[in-house]
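Ready for a walk through the model in your viewer? Keep the selection tool at hand, and we will go from stop to stop.

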Amino acid sequence: MKVIDLRSDTVTHPTPEMRKAMSEAEVGDDVYGEDPTVNRLEAMAAKMMDKEAAVFTTSGTQGNLTAVLTHTHHGDEIIVGDQAHILWYEVGGAAALGGVILRTVPNDSGGRLDPSDIERTIRGKDIHYTQTTLLCLENTHNRCGGTVLTTDYTDEVCNLAHRRGLKVHLDGARIFNGAVALSVPACALARNADSVALCLSKGLSAPVGSLLCGRREFVERARKFRKMLGGGMRQAGVIAAAGIVALETMVDRLAEDHANARRLAQGLAQIKGITLAQDDIPTNIVMFHVSPPLSPAEFIEALDRAEVKIGLRDGRPFRAVTHRMVSSSDIDEALTRIEAVCLKLQRARK
Ligand code: TLP
């Protein structure tokens with residue numbers, strides 16, 4: 001029985017074309033700036049995001065942390081959404097290593113921060129206060145169900161932040177999903193952000209890596225922080241080669257993942273005992289609940305036995321993420337198995 005793994009789009013394997021490119025990659029020592037393949041990937045990402053430069057990082061987490069370190073000083077305050085990945089899933093790195101205070105503003109169900117909340121949260125001049133120096137946005141928004149921030153919203157919030165002297169960093173781990181969903185170029189979603197970190201290793205299927213993009217001077221300083229964080233990777237062309245294939249060939253196909261996510265959601269909505277946790281499914285993330293008598297723990301255990309893997313975090317809805325390694329017929333098969341699991345558990349309760 002095929003395992004249908006919907007835990008994350010991070011589980012995607014490199015394509016044959018990526019593996020070929022990796023085995024043939026021209027390499028050099030990237031810490032000396034001499035890896036031609038890394039240089040090519042960085043130039044390509046910068047161009048796609050319409051920024052002056054980019055630096056290749058080991059992960060999205062390292063990209064975000066490098067951005068925070070580069071934009072701030074120890075003791076500064078940064079504003080993040082209360083559902084932000086930076087806040088929840090990056091091991092507290094911004095606080096632990098960046099020494100910044102993370103001040104939260106509520107995310108609405110669309111992953112947005114209310115501009116008036118942001119405005120209120122920015123500290124004024126007072127001898128008792130630290131300085132607010134950075135605003136972080138996330139597009140698409142992971143914990144808000146893959147929701148997309150529009151260009152207009154992002155522009156508005158970036159302008160507000162800039163007016164008040166803050167920089168803006170965009171966690172764009174899934175920015176291409178957002179761009180495909182809105183049919184806009186990805187750079188439009190980051191055009192007023194000072195930096196954007198995009199991931200190659202999620203829906204784009206590359207095995208490793210992210211790119212932090214911004215102005216040349218910012219990226220040069222970011223390189224030092226990446227080095228400090230252990231991200232000087234030497235012959236990294238071997239992995240950058242897969243990233244080039246990812247950017248060249250994997251962006252447009254994300255639409256397929258979005259269609260599969262909608263298909264999954266439509267199917268789940270028909271299953272007794274399951275309720276969707278989102279009104280619509282803008283990209284590749286589907287969140288849902290099971291209702292009593294099903295318990296989340298026994299549901300996930302039974303699904304696991306049925307070889308369907310779905311994400312569960314304490315007290316959160318289930319999360320299923322579609323990706324290249326799950327076809328539309330796999331989605332149908334997953335729905336059949338999920339329905340069977342629900343029926344079996346409901347019968348066992350009678
Ligand atoms: N998210 C992972 C887990 O960490 C939760 C996932 O499976 O979705 N920003 C966002 C919005 C992300 O979703 C992720 C990964 C990252 C940053 C971090 O990227 P990596 O995993 O490359 O450090």
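## A tour of spaces, ligand and backbone

By class, the lining of the largest cavity is made up of four nonpolar, three polar and one charged residues. Before you go to see that cavity, please note that this is a predicted model.

**Stop 1: the largest cavity.** Select Thr61, Asn64, Leu65, Val68, Ile86, Glu90, Gly93 and Ala94, and you will have the lining of the largest cavity on screen. The space they enclose comes to about 50 Å³. Now colour by secondary structure: which helix gives the largest share of this lining? That is α3, with four residues. Helix α5 (93-96) is also worth picking out, since α3 and α5 each supply at least two residues of the lining. In total, the structure has four cavities of 30 Å³ or more, so there is another one to visit.

**Stop 2: the second largest cavity.** Next, select Gly81, Ala84, Asn107, Gly111, Leu113, Cys136, Leu137, Glu138 and His141, which line the second largest cavity. Its volume is about 40 Å³. Strand β5 (residues 132-138) makes the biggest contribution to this lining, with three residues. If you colour the lining by class, expect four nonpolar, four polar and one charged residues.

**Stop 3: the largest pocket.** Leave the cavities and select His85, Tyr89, Asn142, Arg313 and Arg319. Of the 26 residues that line the largest pocket, these lie nearest its centre. The pocket has a volume of about 500 Å³. Try colouring by domain here: domain 1 (12-249) and domain 2 (253-349) each provide at least three residues of the lining. By secondary structure, the largest share belongs to helix α3 (residues 60-71), with three residues. How many residues of each class line this pocket? There are ten charged and ten polar residues, along with six nonpolar ones.

**Stop 4: the second largest pocket.** Move on to the second largest pocket, which holds about 250 Å³ of space. To centre your view, select Arg123, Lys125, Gln131, Thr132 and Arg164, the closest to its centre among the 13 residues of the lining. Sorted by class, the lining of this pocket has six polar, four charged and three nonpolar residues.

**Stop 5: the ligand.** Now show the ligand together with its surroundings. A selection of the residues around the ligand should give you 16, and the closest are Ser8, Gly60, Thr61, Asp171 and Arg174. Three side chains deserve a distance label:

- Thr61, where an N or O atom of the side chain is 2.6 Å from an oxygen atom of the ligand. You met Thr61 in the lining of the largest cavity.
- His85, where a polar side-chain atom lies 2.9 Å from a ligand oxygen. His85 is also one of the residues nearest the centre of the largest pocket.
- Arg319, with an N or O atom of the side chain 2.9 Å from an oxygen atom of the ligand. Arg319, too, is among the residues nearest the centre of the largest pocket.

Switch on a surface for the ligand and ask: what percentage of its accessible area does the protein cover? On its own the ligand has 510 Å² of accessible area, and the protein covers 86% of this.

**Stop 6: backbone details.** Hide the side chains for the last stop. As background, most peptide bonds are trans, and most residues other than glycine have a negative phi. With that in mind, select the pairs below.

- Asn139 and Thr140: the peptide bond between them is cis, with omega near 0°. Thr140 sits in the loop between β5 and α7 (151-163).
- Pro292 and Pro293: their peptide bond is cis as well, with omega near 10°. Pro293 is in the loop that runs between β10 (285-290) and α12 (296-305).

Finish with Val91. Is its phi positive or negative? Phi of Val91 is near 55°, a positive value in a residue other than glycine. You will find Val91 in the loop between α4 (85-88) and α5.

Definitions and conventions. Residues numbered from 1 in each chain as written. Predicted model: local features only at pLDDT ≥ 70, side-chain atom pairs only at ≥ 80, totals over all residues. Heavy atoms only, no water. 1 Å grid on protein atoms, 1.4 Å probe; cavity = no way out; pocket = protein on both sides within 12 Å on 5 of 7 lines; lining within 4 Å. Points joined across faces, edges and corners; volume = space filled by probe spheres on them. Nonpolar A, V, L, I, M, F, W, Y, C, P; charged D, E, K, R; others polar. Domains from an automatic or database assignment. Near = heavy atom within 4 Å. Polar contact = N/O pair within 3.5 Å; in protein donor to acceptor, adjacent residues only side chain to side chain. Areas by Shrake-Rupley, 256 points an atom, 1.4 Å probe, with all protein chains shown as cover.
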